[in-house]
Protein chains: 2
Amino acid sequence: MAEIKVVTNMLRSNEELTAQNRKLLDDRGIFVVNLMSSPGSGKTSILEKVIFRMKNDLQIAVIEGDLYTSKDAERIGVHGVPVVQINTEGACHLDGSMIKTALDALDLDRVRLLIIENVGNLVCPAEFEIGEDVKITVLSTVEGNDKPLKYPLMFEKSSAVILNKIDLIEFTNFSKEEFYKDIRSLNAKADVFETSCFKDQGIDELCEWLRNKVENKLNGGM
Amino acid sequence: MAEIKVVTNMLRSNEELTAQNRKLLDDRGIFVVNLMSSPGSGKTSILEKVIFRMKNDLQIAVIEGDLYTSKDAERIGVHGVPVVQINTEGACHLDGSMIKTALDALDLDRVRLLIIENVGNLVCPAEFEIGEDVKITVLSTVEGNDKPLKYPLMFEKSSAVILNKIDLIEFTNFSKEEFYKDIRSLNAKADVFETSCFKDQGIDELCEWLRNKVENKLNGGM
């Protein structure tokens, strides 16, 4: 009994903080992405590519979640957009309290698109809402096509799935046929993008998708 | 107060079960590896290579940990060694209770080396002992050389670190110099192996290391 009660309280607290964060963001019409994947799938590289293409005609801000270091925030900072690094100091996912702290550090009146890069982890981040409009999950070809069925929750909940490092697929036994079959069995509606940051492939399509979502939200729809 | 109490109890329960599992394994002189990494770093592929080389002169058994599916156990089963699949159904790491169930399903009198492949996750599995003699962490070159400092605990606690997919390093910006510098700063004693399952590279050295550990434990040392 005691265990159940504590877990419920913890989740409610995260839900309350997340609801507050969400209201703050919705009131300003800011479109929010929760970007998730395993460590090393290429979240930060994709983000760099997106920022490079979009920053001149769209106000973008980034929240970086990592256990330790500010390596990712430094990479984003180079591109001249506002970025806040959260260090979870061992915790395996971001939560409402951490996001609240990060939002306090941003000038939200100058943001239209907020991308939150979650801790690299294919399991835990999927379980916690952090005020996002959409979740996007990145899988890289070198991780293997068996991952969606082995770690289904994140793929089930995502509005878009990015298959990254598509340029390396020829050096792996990754089956695109199996991948699409499994993604469709988990999530019939997700949009799928095939990208390569090295070859600069698929990024335009992703930017177009994001731009539509940002405009939709600004116009009061989702 | 309530929260702290519950967490303490949970950990104590895992510690107690793990201590029981450890005694069971120690009494039989079975050497136990806790094999950890991100999803898709190549744990199962390395395991297949090791089993293929060692199974004829060493009794090996495997416990596979995954959230869902029995894909990995099926891959191991092909090689004709005893294997038990644990499905955590969403939990992000293995624990003492799950290992106890799996040990009950194995004929431990016929095992000298037990390899436990943990859930693919660079964060949570590092925090839980599961009765192992050593932890081994796998990192693949395609994940990037920044991962040890971003996810330090697993690397700090490991007796060996495997740098896998070394054949793909030329297609990445992975810096071996940075990698070794960071590993040494976290863990001066860890043995490091560079492997490629595609090119069949570095596996002999890893097998030799495992063989020595197994014999050491059988002879009463560690």
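Visitor: What does a side-chain oxygen of D95(B) reach at the start of helix 4 of chain B?
Guide: The backbone nitrogen of S97(B), to within 3.2 Å. Keep in mind that this is a predicted model.

Visitor: Which residues of that helix, residues 96-104, are buried?
Guide: In helix 4 of chain B, G96(B), M98(B), I99(B), A102(B) and L103(B) are buried. Down the helix axis they fall within an arc of 160 degrees, so they line one face of helix 4 of chain B.

Visitor: And what is exposed on the other side?
Guide: T101(B) and D104(B).

Visitor: Switching to strand 6 of chain B. How many of its residues are buried?
Guide: 5 of 5, across residues 160-164. A160(B), I162(B) and N164(B) point one way, while V161(B) and L163(B) point the other way.

Visitor: Which strands does strand 6 of chain B pair with?
Guide: Strand 5 of chain B, residues 134-140, pairs with strand 6 of chain B in the parallel sense over 5 bridges. There, T137(B) stands opposite V161(B). Strand 7 of chain B, residues 191-194, also runs parallel to strand 6 of chain B, joined by 4 bridges. E194(B) in strand 7 of chain B is the bridge partner of L163(B).

Visitor: Where does the chain cross from strand 6 to strand 7 of chain B?
Guide: Through helix 7 of chain B, residues 176-186. That β-α-β crossover is right-handed.

Visitor: Now the two chains. What turn lays chain B on chain A?
Guide: A turn of 180 degrees, with a shift of 0.0 Å along the axis and an RMSD of 0.0 Å. That is the relation of a two-fold axis.

Visitor: What about the contact residues of chain B?
Guide: 100% of them recur in chain A, so the same surface serves both copies.

Methods. Residues numbered from 1 in each chain as written. Chains lettered and ligands numbered in written order. Predicted model: local features only at pLDDT ≥ 70, side-chain atom pairs only at ≥ 80, totals over all residues. Heavy atoms only, no water. Buried < 20%, exposed > 50% of the residue type's maximum accessible area, 1.4 Å probe, protein only. Helix = DSSP H or I, 4+ residues; strand = E, 2+ residues; numbered from the N terminus. Arc of directions from axis to C-beta. Polar contact = N/O pair within 3.5 Å; in protein donor to acceptor, adjacent residues only side chain to side chain. Least-squares fit on C-alpha atoms with pLDDT ≥ 70 in both. Contact = heavy atoms within 4.5 Å. Pairing = 2+ DSSP bridges. Right-handed = clockwise from strand over helix to strand, strands pointing away.
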